[in-house]
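Work through the exercises below with the structure open beside you. Try each task before reading its solution.

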Amino acid sequence: MSSALGLLGGTFDPVHYGHLRAAEAVRLALRLAEVRLFPAGDPPHRAAPVATAAHRLAMLELALAEFPGLALDAREIARPGKSYTVLTLEELRAEAPSRPLVLIVGADAFAGLPTWHRWTAIFDLAHVVVVTRPDSQLPGTPSGPLAAAWRERLQRDPAALETRPAGAIYVLPIPPQPVSSTAIRRALGTGPEGVDAVRGLVPPAVLAYIDRNQLYRSRPDAT
Ligand code: ATP
């Protein structure tokens with residue numbers, strides 16, 4: 001078992017099997033004891049979440065009951081201000097200076113990394129594991145600001161992530177999961193038949209919670 005801690009940030013509006021299976025795939029591939037999902041309180045690069053933080057947390061808790069190796073870390077919800085990943089990584093680094101941190105991002109999120117607050121500092125704090133996502137090209141060799149990081153940091157052997165606390169990029173192809181929170185919100189916004197459309201994409205307990213609390217119902221902002 002590796003001593004590294006896995007981390008998956010997101011809006012989780014709502015959490016779905018794409019998030020959960022990606023996190024679990026990385027956990028198993030890198031032999032991590034735990035992957036923590038950390039929901040953003042105030043995501044910097046997008047509109048405010050549709051569901052409240054309390055609802056998003058409640059849905060995550062229900063979802064994680066199916067995945068004993070995954071855990072919830074609510075620090076970004078508790079922290080005032082924008083939910084910058086770099087601040088979360090700095091907190092985690094201060095807690096355990098030599099423990100490897102493994103930040104998991106989908107290929108779409110990785111492509112946008114240079115827009116993140118203090119993005120180059122992220123490599124000083126954590127390894128970055130990129131998981132494949134349908135419709136998102138994995139950077140063969142990315143151009144632009146990611147090119148140098150890719151050239152210097154890409155590792156083909158995951159064992160390299162255990163030998164130091166941060167700084168590597170590793171790509172893990174996972175079975176394609178064509179699901180997104182946006183598509184789920186859109187489907188649910190179409191009415192009761194939308195609930196059937198998303199069955200199988202989110203854990204049943206999460207779907208029951210959404211239904212019970214009438215989340216994502218026909219709202220103009222449910223995009
Ligand atoms: P939205 O549609 O609202 O943008 P999303 O489904 O992309 O949401 P986020 O909470 O924004 O979900 O994603 C958090 C992280 O999970 C990101 O790194 C994203 O790339 C990754 N991720 C989300 N869905 C998948 C998926 N189906 N396969 C692989 N990675 C995913």
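## Exercise 1: Placing Thr85

Thr85 lies in helix H4 (residues 85–95). Helices (H or I, at least four residues) and strands (E, at least two) are DSSP runs, numbered from the N terminus. This is a predicted model: local features need pLDDT of at least 70, side-chain atom pairs count only at pLDDT 80 or more, and totals for chains, interfaces and linings use all residues. Residues are numbered from 1 along each chain as its sequence is written, and side-chain values use heavy atoms, with hydrogens and water left out.

Task: decide whether Thr85 counts as buried or exposed, and list its contacts beyond four places in sequence.

Solution.
- Step 1. Recall the cut-offs: buried means under 20% relative accessible area, exposed over 50%, partly exposed in between (1.4 Å probe, protein chains only).
- Step 2. Thr85 has 15% relative accessibility, so it counts as buried.
- Step 3. Leaving aside neighbours within four places in sequence, Thr85 touches Phe38, Glu76, Leu103 and Trp116. Contact means heavy atoms within 4.5 Å.

## Exercise 2: Strand E2

Task: find how many residues of strand E2 (residues 35–39) are buried, and which strand pairs with E2.

Solution.
- Step 1. Five of the five residues are buried, so E2 is largely enclosed by the rest of the structure.
- Step 2. Check both faces. Val35, Leu37 and Pro39 are buried on one side, Arg36 and Phe38 on the other.
- Step 3. Strand E1 (residues 5–10) pairs with E2 in the parallel sense, over five bridges. Two strands pair if DSSP finds at least two bridges between them.
- Step 4. Locate one bridge: Gly10 is partnered by Pro39 in E2.

## Exercise 3: The two sides of H10

Task: name the buried residues of helix H10 (residues 204–212), and say what covers them.

Solution.
- Step 1. The buried residues are Val206, Leu207, Tyr209 and Ile210.
- Step 2. Seen down the axis of H10, these residues fall within an arc of 160 degrees, so they line one face of the helix. The arc is that of the directions from the helix axis to the C-beta atoms.
- Step 3. Turn to the face pointing away from the buried side. Exposed Pro204 and Arg212 sit there.
- Step 4. The cover over the buried residues includes helix H2 (53–64), helix H8 (181–189) and helix H9 (192–198).
- Step 5. Look just after H10: Gln214 takes a positive phi of about 50 degrees.
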